[in-house]
Each structure stands twice: as structure tokens, then as C-alpha cells.
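Q: Please take a close look at one part of this model, the packing of a pair of helices, and set it in the context of the chain around it.

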Amino acid sequence: MEDYPRNLTEFETRFSTEEACREYLFRLRWPDGFRCRHCGDQKAWPARSVLLQCADCGCQTSVTVGTIFQGTRTPLPLWFRAMWWVTTQKNGASALGLQRVLGLGRYETAWTWRHKLRRAM
């Protein structure tokens with residue numbers, strides 16, 4: 001069964017917080033529960049606010065490592081809104097449209113985001 005919002009109202013309700021977005025990414029990355037990428041152990045505990053530390057080898061990881069979100073300082077709900085907007089446009093998404101919808105200050109930011117999202121798709 002697909003686990004996607006069907007409309008903008010559902011989307012905004014579901015992905016309104018950083019924590020909700022991280023929980024969704026966690027379920028996508030580890031559908032059967034956490035598994036360390038180095039040793040394969042299934043036990044981990046929170047290390048700082050966004051990291052998980054393996055109980056066996058001590059390796060730290062995040063749900064954003066290896067994704068287009070890695071290293072971003074932008075809140076995940078804004079990234080999720082960008083993804084929603086880009087994927088719901090019938091005639092394609094322009095960087096200028098993305099800038100306007102998200103209220104981004106610079107066109108270059110919107111252009112970079114659009115290209116990151118297109119590469120990921």
C-alpha cells in the first residue's frame with residue numbers, strides 16, 4: 001500500500017514539522033527497522049538531535065546521509081514542499097515558479113533545488 005498524501009491538505013498536515021519529515025525518511029530508508037551500514041546491527045540510540053549511533057560499532061548516521069538533503073541547513077518541510085510542488089506540476093516546474101511558491105529570496109537557490117530534485121527523480 002502506498003503511503004503518500006493525496007492532496008495538499010493531507011500533505012501539509014502530515015509534513016508540517018521537521019520530526020514528521022525525519023520519521024517518514026526513516027521508514028523509507030529502513031522499512032524493517034534500523035540496520036547499521038557498517039556492521040549490520042539493529043540497535044541504535046539517538047546521538048544529538050538528528051544522528052543515530054550504532055550500539056555495536058558506534059557508527060553515527062542520519063536519515064539524510066546519501067540523499068539530496070545531506071548537509072542542508074534548510075528545514076525538511078520546505079524541501080518536502082518543493083518536492084510536492086515539482087511533482088504535481090502538469091507542464092513542468094520552473095525555477096522561477098519554485099522561487100515564488102516557496103518564497104525563496106534568490107533565483108539561484110530555486111534553480112539549484114530544481115536541478116537536485118530532477119537528478120534525484
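A: What follows starts with the helix pair and then moves outward to its surroundings.

This is a predicted model, in which local features need pLDDT of at least 70 and side-chain atom pairs count only at pLDDT 80 or more, while totals for chains, interfaces and linings use all residues. Residues are numbered from 1 along each chain as its sequence is written, and side-chain values use heavy atoms, with hydrogens and water left out.

The chain has 5 helices and 3 strands, where helices (H or I, at least four residues) and strands (E, at least two) are DSSP runs numbered from the N terminus. Along the sequence their order is α-α-β-β-β-α-α-α.

The pair in question is helix H2 (residues 18-29) and helix H3 (residues 76-88), which pack at an angle of about 65 degrees with their axes 8 Å apart; the axes are lines fitted to C-alpha atoms, for helices over the stretch in contact, and angles run from 0 to 180 degrees between N-to-C directions. From H2, the residues Glu18, Cys21, Arg22, Tyr24 and Leu25 meet Leu76, Pro77 and Phe80 of H3, contact meaning heavy atoms within 4.5 Å. Sorted by class, this contact of H2 with H3 comprises 6 nonpolar, no polar and 2 charged residues, where Ala, Val, Leu, Ile, Met, Phe, Trp, Tyr, Cys and Pro count as nonpolar, Asp, Glu, Lys and Arg as charged, and the others, Gly among them, as polar.

Serine 16 lies in the loop between helix H1 (8-14) and H2. Although serine 16 and arginine 81 are 65 residues apart in sequence, their C-alpha atoms are 9.4 Å apart in space. Is serine 16 buried or exposed? Serine 16 counts as partly exposed because its relative accessibility is 43%, given that buried means under 20% relative accessible area, exposed over 50%, and partly exposed in between (1.4 Å probe, protein chains only).

H3 also takes part in another setting, since H3 and H5 are among what covers the buried residues of helix H4 (residues 95-102), and those buried residues are Ala95, Gly97, Leu98, Gln99 and Leu102. Just after H4, glycine 103 takes a positive phi of about 75 degrees. Helix H5 (residues 107-120) contains tryptophan 111, which is partly exposed, with a relative accessible area of 42%.

Across the chain as a whole, buried residues make up 34% of the 121 residues, and residues 24 or more positions apart account for 38% of the contacts with a separation of 6 or more.
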